[in-house]
Each structure stands twice: as structure tokens, then as C-alpha cells.
Amino acid sequence: MTTETDQKSCCKTCCRPWGITIFGLLIIAFLIAMPFIAGEPDAENPSDLINFLGRFHPVILHLPIGIFSLIILQEILAMFTRYKPQPGLIAIFVGAASAVAAVLFGFMLYMGGTYEMSELLGDHLWGGIFFACAAVLTLIVKAWPLQEKISNVLYRVMIFGSVGIMTYASHDGASITHGEDYLVEYAPNPIRELLGHEPRVKTGPSDKPLEEQVVYADIVQPILNKRCVECHKEGKSKGKFRMDTYELLVKGGKEGEGIVPGDAVKSKIIYRCELPEDDDEHMPPESKTDIEDHELAIIKWWISAGADPAKTVAQLEITAEVRDAISKLDRSVDPIVDKSTSITETKPVGPSNDLAKSVASLSKDFPGGLTFESQASSGLTFTSVSLRSKLDDQVFAKLQPVLPSMVAMDLSSTSITDASVKLLASAKDLRMIRLSETKISDAALDTLAGLKNLESVNLYGTRVTDAGVEKLKSLPKLKRLYLWQTDVSEGAIGKLKEALPGLEIIKGI
Ligand code: HEC
């Protein structure tokens, strides 16, 4: 009996403290050596496994924070009240073990290559390592059965030291993920200033009338603030790109300038947002709510118009669509143009600049479909090649704002009907149109008969008849008419040729 108890207490007094101490010191040595052994992260060839494990860092790190917060609360109570709870060895053990695990996973997150080394990241890395080491040392101290007074003092020093380092390390960590400004972002200005931050200027809804609003400051930057700035700002500039001021927005990041004034399509911020949502480079990244089409349309409009930081809405030419888009923003703007009529009634004002904007914003719906006839021309050509049967009346209606500039349109093999052709009444400059293999009928030819600049019309494989084709007599410039696979009779063709001697009719057999 006695020997057994002796053995047990011997084990308690010698073996366990020694065991914990030796094991603990080995871990401390490993943690400190780790950054030196591992070297730089290889961002070029990231390992999936390392990245997978690394992402457990944010899951685990709250465990040591919680445990050590509880331990220090107990210690403070013990110091100032008569309540003397004793945190068991097990609590400190789990606290220290989870701190070590958080550091290991955090280090893998860093080695995964998604974070760039910065002063803040270096501080956080070493802060984490020192915290884990201090936590292990606390465990070692607690493991030795020392004289109560000495033990208490040592333990308190260790525990307060650990929690101090922990606070520092976790603040740095939070600054890396949320940005340095995170905690004070919405703090009242006196508190912000006290902590050495600039006072916050509200960029909320502007109460100025729309025409007087500065496009960049009152409209564009608030959109960026809402969608992008949380990851692209001071202390958290992903891709080394900050979007919180005009200069930095233009300057761009690792890949070059963020915006190219006058050229929305070449602008990185537009390019990234227009990538397919499942593209790794799509912005904002999948975890965040995507930017809305109307928000993007506004930014594109502003960039196409020269991306001037000071110009007001009145100084840029605004289309009905943009006005509509602005009114959709979450802010108080009175939509000057009634929404229900804006698109149908208002043609883009002003020449090419405005048109370029509309074309740019339509390029998403019609990839590669809309192009300018030439650099010098404001005439547009359209081809449905990429859409074909997907192009129906509803989709076609989106082209309405640019139809007046259209000079050539290939609508063959699409699903459009007479209803779409009706919209073409505004395409007064149209010279060439292909409607082959569509569902159009004679009714469509009523519209075409009004387009006096038409030179070439392709009606191959449609339901048009003699009665319809006859109406094309009114087209003075018509040179070529394709009527393969239609029911148009030789008689009707003869009459048409009589009326328009220069006309070549391609009928086939
Ligand atoms: C959740 C965080 C997050 C949000 C929100 C976010 N980005 Fe990014 N952005 C990143 C990360 C991470 C990178 C670096 C990786 C990369 O290049 O894809 C990056 C890189 C970029 C780059 C490339 C910079 C360069 O030169 O390398 C551009 C441009 C960009 N973002 C634009 C945007 C725009 C525009 C928005 C808002 C619509 C936005 N981002 C919102 C995280 C974010």
C-alpha cells in the first residue's frame, strides 16, 4: 500500500514535471526554429494541402484566446477577492496545446502564399510564436510542485505575460484580416483622433441634386467603399492595391494601374469584376456579395468619360440608363426621368463618347457582338454569332439604345420575331441587315421599308411573301436582296426589278 502511494507521489513530483518540461522545451525550440527552417512561401507553386490546413488557423485560434481569457479572469479574481479558484493543469495544458496548434496552422496559412510578407504579418507571426512559447512555459511552471509563494508569483508573471503577448498578436492578426482600421472604423471622430486616426468623412447618400453631384466622390467612391475597399485599403491592400483614394485607384497594384481613364474595358477594376464568377480572379472574391450590374455600369460610364475626379454629373453626358442605374443605388436620388419611359424614349445624347459607354455596358450581354465600324466612325455593327438562337426578342430589346447608330446587323439564325424588327425603326443609318432563317414575316418588311439607307437585305429561309417583298420598292439604295428558300414568286421579283433597276436579287432555285 505505502509503496504504491510513494511511487505515485514520486511520479507526480518528478516524472511528470520533467516530462512536461523536456517536451515543452522541445516544442518551444521547434516553434522558434520553424520560420528559419521553412524559408519563404512559394507563391508560384502553392500546395493544396498546406493551404487546406492553413485555413484552420482562424477556426482554432479562438480556443487559446478563450481559455487564456478565462484563466486570467480567475487570476484577477484570486488577486482581488477572497474567491480563490485554481485553474487546473488541464486548462493550462489545453490552452497551451491549442496555442501551439494555432501557430502551426497559422504558419501553414502563411506558407500557402496567399498573404504577402509585411511588417504587420512579421509582427503577427512572431507574436503568435512567442505567445505559444509563453503558454508552454506557463504550463511548465505550473507543472512543478514549488513552494506556494514562489509558484504563485512565477505563475502570475507567466500568465499575465502570455495574455499580454496574446492580445498583441491577436490584434495584429485581426488587422491583417480586417484591416488596421477595423475596430475604430465606425468609432466617433474624437475617439478616432485620440487613437491617431483621421476623422471619418461620411460618404453616404448625397443630398445635392443629381446634376450637382461629383461623379467620383458622391457616386463612384461610395460604390467602391461598399464593394471593394474592405480588402483594398491601408493596412489591408490585397494585390498591393488600394481603392480608398482616387490617386491610389488610378495607380493600381501589382498588375499595374487600376483604371485607364477613357477606357473602361482596359481598366483592371472593370476587367476583374466582369470575369466569370467562378474565375479565381473575379472580384469581389466569391465569399463576398457580388457587385451589381447597375453599379458596374455607373463605374464604367465614369471611366469611359475620362474618370475625372472632379466633374459633376452635369459635366458628363448622362444616358437614361446611367440615370436609371444611379437611381437604383441605395441612396436618395430623384430619378429625373421616369423609369418606365426612360429606355424607350431617350436616345443617347451626344455623339461617340456616350455611345462608347453604352457599347461598353452592352458588351457583357453581347460578348464580341458590338463593334464600331472603324475607329473614325461612330457607326456600329452587330453580329449575333456568339448567341444565335439565344438571341430572342427580349434580349434584342437591350440593344435599343444603340440601334440609332447601327450600320450593319447580322441577326441570322436568331430567335427574334417581327417585334424586334419593329424596334429597328430607329436604325435610320442601317445599310446591311441579315435576317435569314429567323421567324420574321411580312410585317417586318413594313419596318424595313422605312429604312431608306438599306443597301443589302438578306431574307433567306424566312416566311416572307410577294406582298411583303413588294414594300421594299421604297428603298432607293437597295442593291442586293437575298431570297433563297422563300415563297416569293418570279412575278414579284420581276416587278421589284422593274422598280429598282440597280437591284440584284439572289433567289437560287
Ligand atoms: C474579400 C476581399 C476582397 C474584396 C471585397 C475585393 N477584393 Fe480585389 N483582391 C483581393 C485579393 C485577395 C487580391 C489579390 C489576389 C488577386 O490578384 O486575385 C485582389 C486583387 C485585386 C486586383 C488586382 C490588383 C493588382 O494589381 O494585382 C484588382 C484590380 C481588384 N482586386 C479589384 C477589386 C474590385 C474592383 C473590388 C470591388 C468590386 C474588389 N477587388 C474587392 C481581395 C478582395
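1. Let's start with the second largest pocket of this predicted model, which has a volume of about 750 Å³. Its lining is made up of 23 residues, and those closest to its centre are Ala297, Glu321, Ser361, Leu362 and Asp365. Two or more lining residues come from each of helix 12, helix 13 (320-328) and helix 15 (352-362). Helix 12 is the biggest contributor to this pocket, with 6 residues. In chemical terms, the lining of the second largest pocket splits into 10 charged, 9 nonpolar and 4 polar residues.

2. Next, the enclosed space. Searching the whole structure turns up 1 cavity of 30 Å³ or more, and the largest cavity holds about 30 Å³ of space. Around the largest cavity sit Leu224, Cys228, Met243, Ile269, Ile270, Cys273, Ile291, Leu296 and Ile299. What kind of residues make up the lining of the largest cavity: nonpolar, polar or charged? The count is 9 nonpolar, with no polar and no charged residues.

3. Helix 12 deserves a second look here. Helix 12 (293-304) and helix 11 (268-274) each give at least two residues to the lining of the largest cavity, and helix 11 has the largest share there, with 3 residues. In the second largest pocket, by contrast, helix 12 gives the most. If you have the model open, helix 12 is a handy place to view both linings, since it contributes to the largest cavity and to the second largest pocket.

4. Now to helix 4, which runs over residues 62-80. Its 19 residues reach 27 Å from the first C-alpha to the last, close to the 27 Å expected at 1.5 Å a residue. Which residues of helix 4 are buried? They are Pro64, Ile67, Phe68, Ile71, Ile72, Glu75 and Ala78. Looking down the axis of helix 4, these buried residues fall within an arc of 130 degrees, so they line one face of the helix. On the face turned away from that buried side, helix 4 carries the exposed residues His62, Leu70 and Phe80.

5. What do the buried residues of helix 4 pack against? Their partners are helix 3 (57-60), helix 5 (89-111), helix 6 (119-143) and helix 7 (148-178). Ser98 offers a close-up of this region: this residue lies in helix 5 and touches Ile60, Leu63, Pro64 and Ile67, leaving aside residues up to four places away in sequence. Pro64 and Ile67 are among the buried residues of helix 4. Why does Ser98 count as buried? Its relative accessibility is 6%, and the cut-off for buried is under 20%.

6. Helix 20 (residues 490-499) can be read in a similar way. Its buried residues are Ala492, Ile493 and Leu496. Seen down the helix axis, they fall within an arc of 100 degrees, so they line one face of helix 20. Turned away from this buried side are the exposed residues Glu490, Lys495 and Glu498. The cover over the buried residues of helix 20 includes helix 19 (466-470), strand 8 (480-482) and strand 9 (504-506).

7. Finally, the overall picture. The protein has 20 helices and 9 strands, and buried residues account for 42% of its 509 residues. Taking contacts between residues at least 6 apart in sequence, 60% join residues at least 24 apart.

Methods
Residues are numbered from 1 along each chain as its sequence is written. This is a predicted model: local features need pLDDT of at least 70, side-chain atom pairs count only at pLDDT 80 or more; totals for chains, interfaces and linings use all residues. Side-chain values use heavy atoms; hydrogens and water are left out. Helices (H or I, at least four residues) and strands (E, at least two) are DSSP runs, numbered from the N terminus. The expected span of a helix is 1.5 Å times one less than its number of residues. Buried means under 20% relative accessible area, exposed over 50%, partly exposed in between (1.4 Å probe, protein chains only). The arc is that of the directions from the helix axis to the C-beta atoms. Contact means heavy atoms within 4.5 Å. On a 1 Å grid over the protein atoms alone, a cavity is a set of points where a 1.4 Å probe fits but cannot get out, and a pocket is an open set with protein on both sides within 12 Å along at least five of seven lines; lining residues have an atom within 4 Å of a point. Grid points are joined across faces, edges and corners, and a volume is the space filled by probe spheres set on the points. Ala, Val, Leu, Ile, Met, Phe, Trp, Tyr, Cys and Pro count as nonpolar, Asp, Glu, Lys and Arg as charged, and the others, Gly among them, as polar.
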